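Hi,

Here is the structure I promised to pass on. Have a look at it first, and my notes on what turned up follow underneath.

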Amino acid sequence: MRLIAVTALTLLLGACTSQAAPAPPTSPDPTGETTTMPPTPPLQEPFEIKTDAQGVREWRNSPEEMGFAYRRQPVDFTLTPRNTGSTPQSDARLRFVVEDMDGEGDLTVGGEGWECEGDRDIACTSTGVTEPGGTWSPLTLTMRHTKGGQTRVVVHWADVTPSVIFRYDTST
């Protein structure tokens with residue numbers, strides 16, 4: 001019985017070690033040689049929004065909703081759009097749609113190389129070309145509230161429409 005168990009174990013271990021790890025995917029090279037495919041680049045956010053203002057708390061519920069809470073105003077934010085595509089992108093267009101929730105917020109948007117117009121539906125355009133993974137010139141978003149509470153801004157950029165909630169907290 002012992003001999004059978006040792007023989008079976010030897011055969012099983014031999015079968016496991018003889019199977020090679022799968023080879024990485026390959027693609028044909030224009031010269032006819034086979035090469036290893038490059039790794040998939042990391043997922044990039046379509047834009048970055050940040051502030052240097054003191055006392056601002058940032059939060060994120062999901063990729064589609066993020067926000068900032070603060071007790072002093074006005075607050076300036078910097079939004080930097082990114083080309084997340086695989087080809088060069090020309091002529092950027094962003095829209096910022098302001099929706100008051102329980103607050104009353106006023107948003108102004110502008111930046112070097114951008115033309116922005118509108119009040120509650122602000123359209124910003126910029127000309128030029130940005131390579132894949134590259135960024136456009138930053139935009140400055142200034143939020144002012146006439147009443148405490150929350151204001152949602154839906155950002156329309158490329159094929160995403162995340163919401164940014166600006167909460168002016170007047171409590172003590």
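Met-143 touches a long list of residues from elsewhere in the chain, even with those up to four places away in sequence left out: Tyr-70, Gln-73, Pro-74, Val-75, Phe-77, Gly-105, Asp-106, Leu-107, Thr-151, Val-153 and Phe-166. Keep in mind that this is a predicted model. Met-143 belongs to strand β11, which covers residues 139-147. Is Met-143 buried or exposed? Its relative accessible area is 0%, so it counts as buried. One of its contacts, Phe-77, is 66 residues away along the chain, yet the two C-alpha atoms are separated by 8.1 Å.

Two other residues on that contact list, Gln-73 and Pro-74, are worth a look for their backbone. The peptide bond joining Gln-73 and Pro-74 is cis, with omega at about -5 degrees. Most peptide bonds are trans. You'll find Pro-74 in the loop that runs between β5 (65-70) and β6.

Now for the sheet around β11. Which strands make it up, and in what order? It is an open sheet of 4 strands, ordered β3-β6-β11-β8, with antiparallel pairing. At the edges are β3 (47-50) and β8 (104-110); each has a single partner strand, so one side of each has no neighbour in the sheet. From one strand to the next, the twist averages 25 degrees.

Strand β6 (residues 75-81) is joined to β3 by 4 bridges and to β11 by 5, and it runs antiparallel to β3 and to β11. If you want to trace the pairing by eye, here are some pairs to click on:

- Ile-49 has Leu-79 in β6 as its bridge partner.
- Glu-48 has Thr-80 in β6 as its bridge partner.
- Asp-76 stands opposite Thr-142 in β11.

How much of β6 is covered? Mostly: 5 of its 7 residues are buried.

Next, the nonpolar core. The largest one has 27 residues, and those with the most contacts inside it are Ile-49, Phe-77, Phe-96, Leu-107, Leu-139, Leu-141 and Phe-166. Strand β7 (residues 89-100) gives the most to this core, with 4 residues. Ile-49 makes a good starting point for browsing: leaving out residues up to four places away in sequence, it touches Met-66, Phe-68, Phe-77, Thr-78, Leu-79, Leu-141, Val-164 and Phe-166. Phe-77 and Phe-166 also turn up among the contacts of Met-143.

A couple of serines caught my eye too. Ser-126 is in strand β10 (residues 121-130). With 7% relative accessibility, Ser-126 counts as buried, because the cut-off for that is under 20%. What does its side chain reach? The backbone oxygen of Gly-113, at 2.9 Å. Gly-113 is also among the residues Ser-126 touches, along with Asp-91, Ala-92, Trp-114 and Trp-136, again not counting residues up to four places away in sequence. Ser-126 and Trp-136 are 10 residues apart in sequence, with 8.4 Å from C-alpha to C-alpha.

The other one is Ser-163, in strand β13 (residues 163-168). Ser-163 is buried as well, with a relative accessible area of 11%. Beyond residues up to four places away in sequence, Ser-163 touches Glu-64, Glu-65, Met-66, Arg-152, Val-153 and Val-154. Met-66 is on the contact list of Ile-49 too.

Back to Asp-91, which Ser-126 touches. Asp-91 is in strand β7, and its phi is near 55 degrees, a positive value in a residue other than glycine. Most residues other than glycine have a negative phi. Asp-91 counts as partly exposed, at 49% relative accessibility.

Finally, the overall numbers. The protein has 1 helix and 13 strands, and the helix comes ahead of the strands when you read from the N terminus. Of its 172 residues, 28% count as buried. The exposed area is about 11300 Å², with carbon and sulfur atoms supplying 52% of it. Among contacts between residues at least 6 apart in sequence, 65% join residues at least 24 apart.

Cheers

Note on methods: Residues numbered from 1 in each chain as written. Predicted model: local features only at pLDDT ≥ 70, side-chain atom pairs only at ≥ 80, totals over all residues. Heavy atoms only, no water. Helix = DSSP H or I, 4+ residues; strand = E, 2+ residues; numbered from the N terminus. Buried < 20%, exposed > 50% of the residue type's maximum accessible area, 1.4 Å probe, protein only. Contact = heavy atoms within 4.5 Å. Areas by Shrake-Rupley, 256 points an atom, 1.4 Å probe, with all protein chains shown as cover. Core = buried A, V, L, I, M, F, W, Y, C linked by side-chain atoms within 4.5 Å. Pairing = 2+ DSSP bridges. Axes fitted to C-alpha atoms, helices over the stretch in contact; angles between N-to-C directions. Polar contact = N/O pair within 3.5 Å; in protein donor to acceptor, adjacent residues only side chain to side chain.
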